[in-house]
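Have the model loaded and your selection tool ready? Let's walk through it stop by stop, from open pockets to an enclosed helix.

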Amino acid sequence: MKIQNSIALMCVLLGFSAQSQNSVPIVSINPNEVISNEFIGSGIEFSAYPHADTEDSEWGKLMTDEKWQLVFDRVSYIKPKIARVMDQANWRYLKGFDANGKPIIDFESDQMKALYKLLDYCEKNKIAVILGEWGQPYKVHDIHLNLQNSFTGANDPKWIDLIVKNLNHLLKVKKYSCIKYYNLVNEPNGDWATTDGDFEQWKEGIELLHKAIKKEGLDKYISIIGPDATSFNNPRSKYKGLDWARQTALQIPDLVAAYDVHDYPSKESIRSGEFQKTFSELVRFTDSVQKKPFILGELGLKGEPSSKKHLGDKFTSVDSQLSVYDYDYGVDMADALIQSINSGFDAVVAWDLDDAMHTKDDRGDKYQLKRWGMFNSLGKELTDDKTDENLRPWFYTWSIMTRYLTSDMKIVKIENLNLDKVRTVTGITKNGDITIAIANNSDTEANFTIDTKKLKLKSELHKYLYSENKRPVDAKGFPVPLEKISLKNNAIQVSIPAKSVILYTSYQP
């Protein structure tokens, strides 16, 4: 009787074990289901520290060579494939007007030399640059000079002429081949923009700029990107936020070489996956009109921080996201990046790299920092807090995904992954290197198997883990692999903790 009971118990346990094994989902990578064949990669908003880059800046020359090197070391780990470098003519080369009202231009100013330092780095490291201006010179920034009416708008030929002179200098004289796109006005549909949502003014500016670039022979070097619109709906605008992208595709597709928009979704829209649905529809629409690269030019998340540690900080402006100090922001931004790429965006730019780059309305008030960064390189100088210069949690996930999802790759689909709030993106190179990033934004551990039989993969992968209790780093705080794993039976066994990110890669940049 005891023997029979033991046999029966063993059968039950074996049956339960088999059932448990069978319940682990098997997903597969399909190299023939391509999401993007013209993937550029992700990157950063990268500005030349307008308040701290010269002796004449509001804060003086706080960006010393040592500080620049700190920033460059960190960016070198990230290895961004693209950088958005927005500026102002009146911050750099426009020094006012002479007695006859003609612009005074100085391409050898200290402010321009600071910009050259940034562009030299991008050139050396083959980072594609979106260059542009926040808006009409003097209208929003440097208003104390009372030169707000020096130009009549984005369609003022005088401003277009200035822009082309600057581009001619940067592209032909300085020979920056890294500058690929020009962005005329930041978020032109916003009520904060110098265009105040006037689509016709912006469109006329694009038409003038396109004609002037071609006339100067610069079209061999640079193209226009647009509309750079945000999802915000300005009641004074003829079109709703993302409709600006649709109308750009419908009305002036031949004038822009790439589309771009911005978005600051709620954390809930990321966690639910609603974000990907919205932008998949938008990319499909523009592709149906005229296919070209589509870039998410600013990405950050709205929502309350999970920690109240920095609330009430006297240096923080209302235009800040204090969640950057929180662990879970690293999961949410990784999830947002995965959804962005899977929706068809060819590049995604994080807002932003460093708190020290911008202040509210860019007036240079150190008590109005835009805290959105991966760190504050001037923590000691601005806030008397050296620890604010440390890398923040989301640096971890953004850097590994940027570093290992590269323009050498095509983005392909993973099929049959139907686990709630678990999302993944896969990139493969022609020679068989692969990167798989997985975000588990649920409250429970997720287990599944990735079938890799359709791929010719190398046998060994590096595995990175970003979890609340374990995320290995080196002495500089840069991510390092948790372990090396060997592929067995053309499969990867995934066990990812709740609220965490895993990245597998054989790619070595």
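Begin with the largest pocket of this predicted model, which has a volume of about 950 Å³. To centre your view, select Glu187, Trp192, Tyr264, Asp319 and Lys370, the closest to the pocket's centre among the 38 residues that line it. Now colour the lining by class: you should find 14 nonpolar, 14 polar and 10 charged residues. Helix α9 (residues 274-289) supplies the largest share of this lining, with four residues.

Keep α9 highlighted, as it also takes part in the next stop. The second largest pocket has a volume of about 500 Å³, and α9 is one of the elements that each give at least two residues to its lining, along with α10 (327-342), β12 (410-415) and β13 (422-428). Select Gln276, Asn342, Ile414, Arg423 and Thr424 to land nearest the centre of this pocket, which 19 residues line. By class, that lining holds six nonpolar, eight polar and five charged residues.

Next, look for enclosed space. How many cavities of 30 Å³ or more does a search of the whole structure find? The search finds one, and the volume of this largest cavity is about 80 Å³. To show its walls, select Asp87, Gln88, Ala89, Arg92, Tyr93, Met112, Leu115, Leu131, Gly132, Glu133, Asn166 and Tyr182. α3 (89-92), α4 (110-124) and β6 (128-133) each contribute at least two of the lining residues, and β6 gives the most, with three. Six of the lining residues are nonpolar, three polar and three charged.

Now select helix α12 (residues 393-404). Is this helix enclosed or exposed? Here 12 of the 12 residues are buried, so α12 is largely enclosed by the rest of the structure. The buried residues include Trp394, Trp398 and Arg403.

Add helix α2 (residues 65-78), which packs against α12 at an angle of about 55°, with the axes 7 Å apart. The two helices are therefore oblique to each other. For the contact itself, show Arg74, Ser76, Tyr77 and Ile78 from α2 with Phe395, Ser399, Ile400, Thr402 and Arg403 from α12. These contact residues comprise four nonpolar, three polar and two charged.

Finish at Asn376, in the loop between β11 (347-350) and α11 (379-383). With a relative accessible area of 0%, Asn376 is buried. Beyond its neighbours within four places in sequence, Asn376 has contacts that include Asp354, Asp355, Arg371, Asp388, Glu389 and Arg392.

Notes. Residues numbered from 1 in each chain as written. Predicted model: local features only at pLDDT ≥ 70, side-chain atom pairs only at ≥ 80, totals over all residues. Heavy atoms only, no water. Axes fitted to C-alpha atoms, helices over the stretch in contact; angles between N-to-C directions. Parallel < 35°, antiparallel > 145°, perpendicular 65-115°, else oblique. Contact = heavy atoms within 4.5 Å. Nonpolar A, V, L, I, M, F, W, Y, C, P; charged D, E, K, R; others polar. Buried < 20%, exposed > 50% of the residue type's maximum accessible area, 1.4 Å probe, protein only. 1 Å grid on protein atoms, 1.4 Å probe; cavity = no way out; pocket = protein on both sides within 12 Å on 5 of 7 lines; lining within 4 Å. Points joined across faces, edges and corners; volume = space filled by probe spheres on them.
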